[in-house]
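Good morning, colleagues. Please look at the sequence and the structure as they appear, and I shall then take you through several regions in turn.

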Amino acid sequence: MGKALAPLREEGVLIVGSGSATHNLRALRNTDGAVAPWALEFDTWLKEALTQGRYEDVNHYEEKAPHAKTAHPWPDHFYPLHVAMGAAGANSKAKLIHESWQLGTLSYASYQFTS
């Protein structure tokens, strides 16, 4: 889907993928700011994969990422990232532009893709 949207970039259209870097509502905890180890490991893996251009690893995150099924029991909140990646193109660069956590397991890491 993202590749189909890629031509819109040339028309100046901003493509936004809105989801969550980790999204397991059953694991939410009031942890006074502490992040669950599994969530941090997945988030760190994602940041490294994206910023190093390992987009195929991200496409196959269920096999490649640590704690993938825990971080995303259902992929609906992770798919928007795939759309944004595809729209950005294979030669794009990812940059982390925001990083925050809520309730110990929700990562709101945000990435910008540039060509």
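Let me begin with a term: a residue is called buried when its relative accessible area is under 20%, exposed when that area is over 50%, and partly exposed in between. Please also keep in mind that this is a predicted model.

With that term in hand, we turn to helix α6, which spans residues 79-88. Of its 10 residues, 8 are buried, and the helix is therefore mostly covered. The buried residues are Pro80, Leu81, His82, Ala84, Met85, Gly86, Ala87 and Ala88. What do these buried residues of α6 pack against? Their partners are the helices α1 (2-5), α2 (37-51), α3 (55-59) and α4 (61-64), together with the strand β4 (110-114). Just after α6 comes glycine 89, whose phi is positive, at about 100°.

Next, the interior. The largest nonpolar core holds 25 residues, and those that touch the most other members are Phe42, Leu46, Leu50, Val58, Leu81 and Phe113. At least two residues of this core come from each of α2, α3, α5 (68-71), α6 and β4. Which element gives the most to this core? That element is α2, with 7 residues.

Valine 58 deserves a closer look. Apart from its neighbours within four places in sequence, valine 58 is in contact with Trp45, Leu46, Ala49, Leu50, Phe78, Leu81, His82 and Met85. Among these partners, Leu81, His82 and Met85 are buried residues of α6.

I now come to the aromatic residues. The whole structure contains 5 aromatic pairs. In one pair, phenylalanine 42 and tryptophan 45, the ring centres are 6.1 Å apart and the planes meet at 40°, so the pair is tilted. For that label, the angle must be neither under 30 degrees, which would be stacked, nor over 60, which would be edge-to-face. These two residues lie 3 residues apart in helix α2, which means that about one helical turn separates them. Are they buried or exposed? Phenylalanine 42 has 0% relative accessibility and so counts as buried; tryptophan 45, with a relative accessible area of 10%, is buried as well. Both belong to one aromatic cluster, formed by Phe42, Trp45, Tyr61 and Phe78. Elsewhere, lysine 69 lies over the face of another aromatic residue, tryptophan 74, at 5.5 Å from the ring centre.

Let us move to the loops. Histidine 67 is found in the loop between α4 and α5. Its phi is positive, at about 60°, although histidine 67 is not a glycine. With a relative accessible area of 34%, histidine 67 is partly exposed. Leucine 103, in the loop between β2 and β3 (106-107), likewise has a positive phi, near 55°, in a residue other than glycine. At 37% relative accessibility, leucine 103 counts as partly exposed.

Finally, consider serine 100. Where is it placed? Serine 100 is in the loop between β1 (93-98) and β2 (101-102). Its relative accessible area is 23%, so serine 100 is partly exposed. A polar contact of 2.8 Å joins its side chain to that of histidine 98. Leaving aside neighbours within four places in sequence, serine 100 is in contact with Leu106, Ser107, Tyr108 and Ala109. Asparagine 59, by comparison, is 41 residues from serine 100 in sequence and 23 Å from it in space, C-alpha to C-alpha.

Thank you for your attention.

Notes:
Residues numbered from 1 in each chain as written. Predicted model: local features only at pLDDT ≥ 70, side-chain atom pairs only at ≥ 80, totals over all residues. Heavy atoms only, no water. Helix = DSSP H or I, 4+ residues; strand = E, 2+ residues; numbered from the N terminus. Buried < 20%, exposed > 50% of the residue type's maximum accessible area, 1.4 Å probe, protein only. Contact = heavy atoms within 4.5 Å. Polar contact = N/O pair within 3.5 Å; in protein donor to acceptor, adjacent residues only side chain to side chain. Core = buried A, V, L, I, M, F, W, Y, C linked by side-chain atoms within 4.5 Å. Phe/Tyr/Trp six-rings, centres within 6.5 Å; stacked < 30°, edge-to-face > 60°. Lys NZ or Arg CZ within 6 Å of the ring centre and 35° of its normal.
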